[in-house]
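Welcome, and please open your viewer. Have the selection tool ready, and we will walk through the chain stop by stop.

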Amino acid sequence: MIRRLFYMGLGAFGAVWAMRKLQALHPNHVARRAVRGASGLLEQARDIAGDARDVAARRETELRSRFGLDSVENTYHYDVKDGR
């Protein structure tokens with residue numbers, strides 16, 4: 001009797017676990033997770049690109065001032081949107 005109750009409980013647990021796993025694979029859930037992951041990745045890429053532009057502008061200003069190519073104040077500002 002106890003053995004039957006144990007296996008019946010184990011089967012119920014397995015059924016609940018399997019149903020939750022199958023519900024997690026529903027197309028709506030998978031799409032939401034994919035969108036969240038892609039938006040997070042895109043945000044990280046934007047942050048990295050912005051940091052790289054800032055570092056490049058700083059280095060360009062440093063090199064221009066060292067070699068006297070232009071005035072240091074007339075460097076290109078990467079924050080300006082120019083329609084591209």
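The tour below goes from the whole chain to its side chains.

**The whole chain**

Keep in mind from the start that this is a predicted model. Show the chain as a cartoon and you will find two helices and zero strands. Next, switch on the surface. The accessible surface comes to about 7,900 Å², and carbon and sulfur atoms account for 62% of that area. How much of the chain is buried? Buried residues make up 4% of the 84 residues.

**Helix α1: rings and a nonpolar patch**

Select residues 2–24, which form helix α1, and then pick out F6 within that helix. Add Y7 to the selection and show both side chains as sticks. F6 and Y7 are both exposed.

The structure holds one aromatic pair. How are the rings of F6 and Y7 arranged? Their centres are 5.2 Å apart and their planes stand at 70 degrees, so this pair is edge-to-face. If you turn the view until one ring is seen from its side, you can check the angle by eye.

Now extend the selection to L10, F13 and W17. Together with F6 and Y7, these residues make a nonpolar surface patch of about 630 Å². Colour the five side chains alike and bring the surface back to view the patch.

**Helix α2: a patch of negative charge**

Move on to residues 27–67, which form helix α2. Select E43, which lies in this helix. Is E43 buried, partly exposed or exposed? Its relative accessibility is 41%, so E43 counts as partly exposed.

Then add D47, D51 and D54. With E43, they gather in a patch of negative charge on the surface. Colouring by charge is a handy way to display this group.

**Helix α2: the salt bridges**

For the last stops, stay in helix α2 and show side chains as sticks. The salt bridges of this model number three.

Begin with R59 and E62. They form a salt bridge whose closest N and O atoms are 2.7 Å apart. Both residues lie in helix α2, three residues apart, or about one turn of the helix. R59 has a relative accessible area of 41% and is therefore partly exposed; E62, at 37%, also counts as partly exposed.

Keep E62 selected and add R66. The side chains of R66 and E62 meet in a salt bridge at 3.3 Å, N to O. Here the two residues are four apart in helix α2, again about one turn. R66 has 53% relative accessibility, so R66 counts as exposed.

Which residues are linked in a network of salt bridges? They are R59, E62 and R66, and E62 has a bridge to R59 as well as one to R66.

Finally, select E60 and R64. Their side chains meet in a salt bridge of 3.0 Å, N to O. E60 and R64 are four residues apart in helix α2, so about one helical turn separates them. E60 is partly exposed, with a relative accessible area of 26%, and R64 is partly exposed as well, at 23%.

That is the end of the tour; feel free to save the selections as named groups for your next session.

Conventions. Residues are numbered from 1 along each chain as its sequence is written. This is a predicted model: local features need pLDDT of at least 70, side-chain atom pairs count only at pLDDT 80 or more; totals for chains, interfaces and linings use all residues. Side-chain values use heavy atoms; hydrogens and water are left out. Patches are made of residues with over 30% relative accessible area and no salt bridge: like charges are joined within 9 Å, nonpolar side chains (Val, Leu, Ile, Met, Phe, Trp, Tyr) within 5 Å. Accessible areas come from the Shrake-Rupley method with a 1.4 Å probe; for residues, only the protein chains shown count as cover. A salt bridge is a side-chain nitrogen of Lys or Arg within 4 Å of a carboxyl oxygen of Asp or Glu. Lys and Arg count as positive and Asp and Glu as negative; His and the chain ends are not counted. The place of a charge is taken as NZ of Lys, CZ of Arg, CG of Asp or CD of Glu. Buried means under 20% relative accessible area, exposed over 50%, partly exposed in between (1.4 Å probe, protein chains only). Rings of Phe, Tyr and Trp (its six-membered ring) pair if their centres lie within 6.5 Å; planes under 30 degrees apart count as stacked, over 60 as edge-to-face and the rest as tilted.
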